[in-house]
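Welcome to my notebook. I kept these entries while looking around a structure I had not met before, and you are welcome to look along with me.

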Amino acid sequence: MADKEQFDDLMSDFEIDHEKISEIIEEHVNEEGLVVAADTLPTDLPIIPLRPRPAFPGIMIPLLLNGQGQVAALHQAMEHQAQTIGLVMVRDLDEEDGIQNLHKIGVAAKIVKVLHTEKNAAHVLVNSLERFAIEDIHETGTSLYARVNYHFAMELSVNPELRAYSMAILSTLKELVQINPLYSEEIKLFLNRSSLDDPGRLADFAANLTTADGQQLQEILATLDVRKRIDKVLVLLKKELEVSRLQTKISKQIEEKVSAQQREFFLREQLKAIKNELGLEKEGKDTEIEKFQKRLKKLKFNEEAERAVEEEMEKLQLIEPSSPEYNVSRNYLDWLTMLPWGVFSKDSYNIARARKVLDRDHYGLKDVKERILEFIAVGKMKGDISGSILCLVGPPGVGKTSIGHSIAEALGRKFFRFSLGGMRDEAEIKGHRRTYIGAMPGKFIQAMKTVGTANPVIMLDEVDKIGASFQGDPASALLEVLDPEQNGSFRDHYLDVPFDLSNVLFIATANQLDTIPRPLLDRMEMIRLSGYILEEKLEIAKRYLIPKTLKSHGLVRGQTTIQKAALKQIIDGYAREAGVRNLEKQIKKIMRRAAMAFAEDEELKKIAVTKRDLEDYLEKPVFTADEIFEGIPGVATGLAWTSLGGATLQIEATAVLAKVKGFKQTGQLGKVMVESSEIAYSYIMAHIEECGGEANFFDQHFIHLHVPAGATPKDGPSAGITMATALVSMITGKLVKKKLGMTGELTLTGRVLPIGGLKEKVIAARRTGLQILVFPEDNRKDFEDLPGYLTEGIEVHFVKTFKDVYKVVF
């Protein structure tokens with residue numbers, strides 16, 4: 001009773017449509033529920049090979065017969081009273097139909113209805129009846145015929161084990177229907193015709209429902225024992241259930257993903273439609289065009305640029321957004337309309353304000369500040385500062401870049417800086433042509449877009465380090481930009497329309513002028529920034545560097561102090577170069593050590609760094625005091641200029657007795673300096689008696705001239721009088737005055753020519769402690785222009801010839 005209730009419960013899940021089932025089998029089922037057939041099935045059957053799966057008893061299936069042999073077998077069966085054919089699965093799907101390629105177990109099937117027939121094809125509906133085993137098979141013409149032995153399904157007595165298996169199969173089928181409703185109709189039809197009392201039929205039906213491969217199904221068909229057959233079918237059903245669950249899970253994940261995308265798409269479309277109705281948003285292309293038109297109202301194009309914009313706008317309206325050309329055209333219009341055509345910031349020509357800004361940001365550099373103020377004053381009188389290109393030349397760390405910032409602030413202009421150092425591609429200056437993928441304008445047009453005004457201050461940093469390669473010469477491309485006569489119609493390769501750069505104030509920076517091409521140098525006005533002396537560095541450290549470094553290290557004013565003597569020692573022993581960049585690094589080292597001390601000792605309140613503490617903070621000094629060799633015949637002190645500022649130069653001369661006269665120089669001297677030494681040697685040899693020497697001195701001696709610090713390359717003409725002085729001192733044995741330094745180029749006639757870098761050389765002399773300086777007469781004006789704090793306490797002599805030098809030095 002319990003089994004029947006369980007069976008009824010299972011069957012209740014399948015809604016059986018009896019009317020539909022009756023319509024399907026009405027013609028072929030008698031009153032007892034059995035398919036009408038002949039009293040006995042024939043033992044000789046025409047055989048139809050099946051692919052790719054076998055047929056099972058009790059199942060009605062449609063068949064599509066192909067080939068003359070199969071159609072002939074059909075006609076042969078139709079002529080027999082039983083109208084029965086044999087359905088046997090092939091062994092190998094890749095092989096042709098034949099006796100050797102057929103399994104031994106097949107199914108006899110009643111031809112229910114011929115739906116369609118042609119010469120070599122037929123479509124029939126058959127009802128599978130019973131299993132059979134082939135005893136003998138032969139081929140007649142193109143058809144196969146077999147003598148078979150039937151294995152009729154036997155009615156089994158009620159067996160609890162088989163009933164349990166049947167219930168398990170029905171339960172699995174129920175789960176399959178819940179997962180895949182496609183099985184529902186077939187299960188309804190079967191349940192209407194069968195019961196749990198026929199487990200064999202149930203097993204066959206369940207096996208036929210699965211998607212197992214043909215060989216597995218053939219194995220089940222060939223299993224005649226119902227107990228074993230139903231066991232194998234249950235395993236197949238469980239596998240089918242797992243596959244269906246996995247398939248359902250995958251389908252669900254895909255559906256969820258697709259549903260989310262569809263939902264987002266529909267919501268976006270609805271939002272777009274709502275915005276369009278409210279006038280909040282328009283189509284993408286219309287929005288872009290309106291954006292460009294809105295920008296155009298604020299700009300004042302030149303005639304050619306205006307014509308280019310109009311043509312491009314018309315072109316954009318005709319192009320579809322999906323076209324690749326659309327993005328090219330849109331980007332071009334975006335650049336054209338983002339540039340500040342006719343947009344200017346108001347210049348400030350307030351001299352007092354400009355002086356205040358320069359004094360606030362920079363200490364010293366009086367001559368540079370005055371030159372910049374004069375420049376601003378000219379702009380005030382003229383009404384604009386157009387056509388101006390300045391070049392700030394000086395050693396590293398003297399404040400060239402920061403002065404550019406201060407000039408921009410003083411004028412009230414926007415500031416843009418980019419470095420030319422290492423630039424090798426001309427396209428960086430003039431842009432790429434629009435035909436290239438990823439094309440964009442050059443740096444100058446990008447700068448104009450960034451600042452948003454047509455009269456900014458643009459700083460070209462490291463102009464002396466610009467390069468050249470096979471991609472072009474950027475220095476040559478700069479000629480147009482930095483020429484006031486040409487940059488009023490600068491034509492970038494990307495824009496291909498003239499843009500006015502004449503209102504831009506260009507400020508270039510360089511460490512030296514030797515590497516700047518002469519045509520480029522001619523277009524710029526030089527402003528030299530010399531190095532700082534100790535007193536200036538001391539004030540810069542107090543006013544700017546120490547407060548800035550305290551803040552950047554999380555320290556407060558007064559928490560860490562550096563005494564004046566210690567600061568002087570840092571400048572002289574650790575940061576002697578012309579600029580203050582290295583000085584700032586040394587102060588940062590001290591502040592880092594101080595920060596660590598405060599972090600480790602919370603009770604520590606204050607740190608005062610003295611001169612004695614410096615080696616603990618900064619290790620040994622990098623520089624030692626410049627030693628001046630005095631009181632030795634044949635030694636003279638010269639003054640030299642380097643890219644890092646000024647320096648002193650010791651020159652030594654000695655004579656060796658020799659049968660043949662000669663002259664050599666050491667100290668890694670450059671070509672120009674070697675020539676200077678030879679000129680000095682020739683001049684002294686020609687005028688040796690005037691200098692107090694013996695006439696035959698050079699005939700009996702080999703002369704050796706040396707410039708110490710042999711590892712350092714040296715070059716330049718300004719050591720001529722120093723070398724001549726060292727030779728005279730060596731020959732006569734006279735000593736050069738103490739604390740005396742000199743510089744000047746000597747000619748073969750004894751004239752002293754002017755030199756460069758006077759300020760740097762004076763700074764080097766003060767740092768070394770020299771008190772008497774000898775300069776060429778032509779440099780008098782340069783010396784008089786120096787600030788008083790540099791010349792104070794220095795005795796200066798200006799000379800025209802070497803005779804004047806001789807009078808001063810000895």
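The entries below go through helix pairs, aromatic rings, single residues and backbone details.

**Before starting**

I noted first that this is a predicted model.

**Entry: α6 and α8**

I began with helix α6, residues 199-209, and helix α8, residues 226-278. At what angle do α6 and α8 pack? I found an angle of about 30°, with the axes 9 Å apart. Angles under 35 degrees count as roughly parallel, so α6 is roughly parallel to α8. I also looked up the hand of the crossing, and for α6 and α8 it is left-handed.

Next I listed who touches whom. From α6 the contact takes in Pro199, Gly200, Ala203, Asp204, Ala206 and Ala207. From α8 it takes in Val226, Arg229, Ile230, Val233 and Leu237. I sorted the residues of this contact by class and got eight nonpolar, one polar and two charged.

**Entry: Thr223, just ahead of α8**

I then stepped to Thr223, which sits in the loop between α7 (214-221) and α8. Is Thr223 buried or exposed? Its relative accessibility is 10%, and the cut-off for buried is under 20%, so Thr223 counts as buried. Setting aside neighbours within four places in sequence, I found Thr223 in contact with Arg131, Lys228, Arg229 and Lys232. Arg229 was already in my notes, as one of the α8 residues that meet α6.

I also checked a far-off partner for scale. Thr223 and Val796 are 573 residues apart in sequence, and their C-alpha atoms are 126 Å apart in space.

**Entry: α19 and α20**

My second helix pair was α19 (residues 534-552) with α20 (residues 564-573). Their axes come within 10 Å and cross at roughly 115°. The range for roughly perpendicular is 65 to 115 degrees, so α19 is roughly perpendicular to α20. The crossing of α19 and α20 is right-handed.

On the α19 side I wrote down Leu534, Lys537, Leu538, Ala541, Lys542 and Ile546. On the α20 side I wrote down Lys564, Leu567, Lys568, Ile571 and Asp572. What classes make up the contact of α19 with α20? I got six nonpolar residues, five charged ones and no polar ones.

**Entry: aromatic rings**

I turned to ring pairs and counted 17 aromatic pairs. I looked at Phe697 and Phe698, whose ring centres are 5.8 Å apart and whose planes stand at 90°. Planes over 60 degrees apart count as edge-to-face, so that is the label for this pair. I checked their cover too: Phe697 is buried at a relative accessible area of 12%, and Phe698 is buried at 2%.

Elsewhere I found Phe416, Phe418, Phe444, Phe490 and Phe506 joined in one aromatic cluster.

**Entry: Ser676**

Where is Ser676? I located it in helix α23, residues 671-686. Ser676 is buried, with a relative accessible area of 7%. Apart from neighbours within four places in sequence, Ser676 is in contact with Gly716, Pro717, Gly720 and Met723.

**Entry: α26**

How many of the eleven residues of helix α26 are buried? I counted nine, so to speak a mostly covered helix, spanning residues 758-768. Among the buried ones are Leu758, Val762, Ile763 and Thr768, and charged names turn up on that list as well, including Lys759, Glu760 and Lys761. Right after α26 comes Gly769, which has a positive phi near 95°.

**Entry: backbone details**

I finished by going through the backbone. The peptide bond from Arg51 to Pro52 is cis, with omega near -5°. Pro52 belongs to the loop between β1 (44-50) and β2 (60-66).

Then I looked up positive phi in residues that are not glycine. Gln83 has a phi near 50° and lies in the loop between α3 (68-79) and β3 (84-89). Gln83 is partly exposed, with a relative accessible area of 25%. Glu619 has a positive phi of about 65°, and its place is in the loop between α22 (614-618) and β16 (635-642). Is Glu619 buried or exposed? I found a relative accessible area of 60%, and exposed means over 50%, so Glu619 is exposed.

Technical notes:
Residues are numbered from 1 along each chain as its sequence is written. This is a predicted model: local features need pLDDT of at least 70, side-chain atom pairs count only at pLDDT 80 or more; totals for chains, interfaces and linings use all residues. Side-chain values use heavy atoms; hydrogens and water are left out. Axes are lines fitted to C-alpha atoms, for helices over the stretch in contact, and angles run from 0 to 180 degrees between N-to-C directions. Helices (H or I, at least four residues) and strands (E, at least two) are DSSP runs, numbered from the N terminus. Angles under 35 degrees count as roughly parallel, over 145 as roughly antiparallel, 65 to 115 as roughly perpendicular and the rest as oblique. A crossing is left-handed if the near helix is turned anticlockwise from the far one by less than a right angle, and right-handed if clockwise. Contact means heavy atoms within 4.5 Å. Rings of Phe, Tyr and Trp (its six-membered ring) pair if their centres lie within 6.5 Å; planes under 30 degrees apart count as stacked, over 60 as edge-to-face and the rest as tilted. Buried means under 20% relative accessible area, exposed over 50%, partly exposed in between (1.4 Å probe, protein chains only).
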